[in-house]
Amino acid sequence: MHVLVLGGTTEARRLAEAVHGTPGLRLTTSLAGRVASPRLPPGEVRIGGFGGVEGLTGWLRAHHVDALVDATHPFAGTMSFHAARAAEAAGVPLLALRRPGWAPVEGDQWHDAGSLEEAARLLPRLGRRVFLTTGRMGLAAFAALDDLWFLVRSVDAPEAPHPPRMEVLLDRGPFTLDGERDLLRRHRVDVVVTKDSGGAATAPKLTAAREAGLPVVVVRRPPAPEGVPEVPGPEEAARWITDRLGHDGG
Ligand code: NAP
């Protein structure tokens with residue numbers, strides 16, 4: 001049985017690790033190719049876009065894919081819709097592995113934003129020294145905020161357009177609470193911006209902000225395709241795969 005995992009997340013890698021070596025299973029992970037040196041999962045890996053819904057449908061057929069797992073980041077909205085349409089066209093069962101979003105707890109001062117642009121509009125009345133953790137793509141939304149100073153944390157260096165007053169911190173999670181506390185203090189951050197990515201690896205910044213009494217602008221998730229069965233973690237997705245293996249007589 002050939003399973004294609006649309007990856008680019010810790011969960012996708014954990015899934016590949018969990019099922020790697022299962023007799024009768026061939027697993028390919030697909031990465032978009034955004035990160036210069038990605039952490040590679042075990043099993044086969046292919047890198048780069050498929051060329052839209054048609055390209056993905058063709059790939060599923062040409063490589064005799066029996067099941068598809070959309071384990072992309074919750075903000076990779078386009079790919080999730082492509083996966084749903086291609087799976088339907090090729091007649092391949094699809095599972096979405098989507099980590100649950102974060103929920104505020106007592107003491108949090110969260111401000112919801114529907115988009116990066118809305119986050120940028122909220123910022124001037126919330127603070128002057130911004131810890132921006134939304135990734136290197138989409139910095140253009142903040143480029144006009146020349147009064148504010150930004151600490152931008154990303155895996156690879158951002159390109160223009162970006163805010164004029166910015167310091168870049170190249171790093172990737174998981175992050176620790178002590179590290180996040182130290183970062184906020186050292187850079188005298190007074191507001192944090194994050195996507196509602198969910199998961200434990202990048203959650204400590206939320207705790208550190210709460211402890212320091214800082215506001216956090218939380219960018220809400222884009223819509224996901226309806227009618228796709230969803231699981232919250234790699235363990236459940238691994239079970240879905242091995243159950244299918246049983247049914248397929250593999
Ligand atoms: P997106 O906007 O949903 O997708 C844009 C295009 O990138 C897709 O149409 C597809 O090109 C290609 N693509 C996306 N994911 C792919 C994958 N796993 N394998 C092959 N092609 C892929 O995606 P994005 O937000 O740019 O995210 C790109 C990748 O980074 C994803 O793998 C995602 O899991 C990861 N990631 C994203 C974020 C985020 O905040 N967006 C954060 C962490 C990791 P074609 O149409 O040519 O097939």
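**Exercise 1.** Find which polar backbone atoms lie close to oxygen atoms of the ligand, starting from Gly-7.

*Solution.* A polar backbone atom of Gly-7 is 2.8 Å from an oxygen atom of the ligand. For His-73, a backbone N or O atom lies 2.9 Å from a ligand oxygen. For Thr-78, the distance from a polar backbone atom to an oxygen atom of the ligand is 3.1 Å. The ligand taken alone exposes 810 Å², of which the protein buries 76%; accessible areas come from the Shrake-Rupley method with a 1.4 Å probe.

The model is predicted: local features need pLDDT of at least 70, side-chain atom pairs count only at pLDDT 80 or more, and totals for chains, interfaces and linings use all residues. Residues are numbered from 1 along each chain as its sequence is written, and side-chain values use heavy atoms, with hydrogens and water left out.

**Exercise 2.** Describe the shell around the ligand by residue, class and element.

*Solution.* Step one: there are 23 residues around the ligand (a heavy atom within 4 Å of it), and Gly-7, Ser-30, Phe-50, Met-79 and Lys-195 come nearest. Step two: the shell divides into seven nonpolar, 13 polar and three charged residues. Here Ala, Val, Leu, Ile, Met, Phe, Trp, Tyr, Cys and Pro count as nonpolar, Asp, Glu, Lys and Arg as charged, and the others, Gly among them, as polar. Step three: strand 2 (26–31) and helix 3 (77–90) each supply at least two residues. Helices (H or I, at least four residues) and strands (E, at least two) are DSSP runs, numbered from the N terminus. Helix 3 gives the most, with four residues.

**Exercise 3.** Decide whether Glu-180 is buried or exposed, and find the partner of its side chain.

*Solution.* Glu-180 sits in helix 5 (residues 177–186). Its relative accessibility is 2%, so Glu-180 counts as buried (under 20% relative accessible area; exposed is over 50%, partly exposed in between; 1.4 Å probe, protein chains only). The side chain of Glu-180 makes a polar contact of 2.8 Å with that of Arg-153. Such a contact is a pair of N or O atoms within 3.5 Å; within protein, one must be able to donate a hydrogen and the other to accept it, and residues adjacent in sequence count only if both atoms are side-chain atoms.

**Exercise 4.** Locate Ala-200 and classify its accessibility.

*Solution.* Ala-200 is in the loop between strand 10 (191–195) and helix 6 (204–211). Because its relative accessible area is 66%, Ala-200 is exposed. From the C-alpha atom of Ala-200 to that of Arg-121, 79 residues apart along the chain, the separation is 28 Å.
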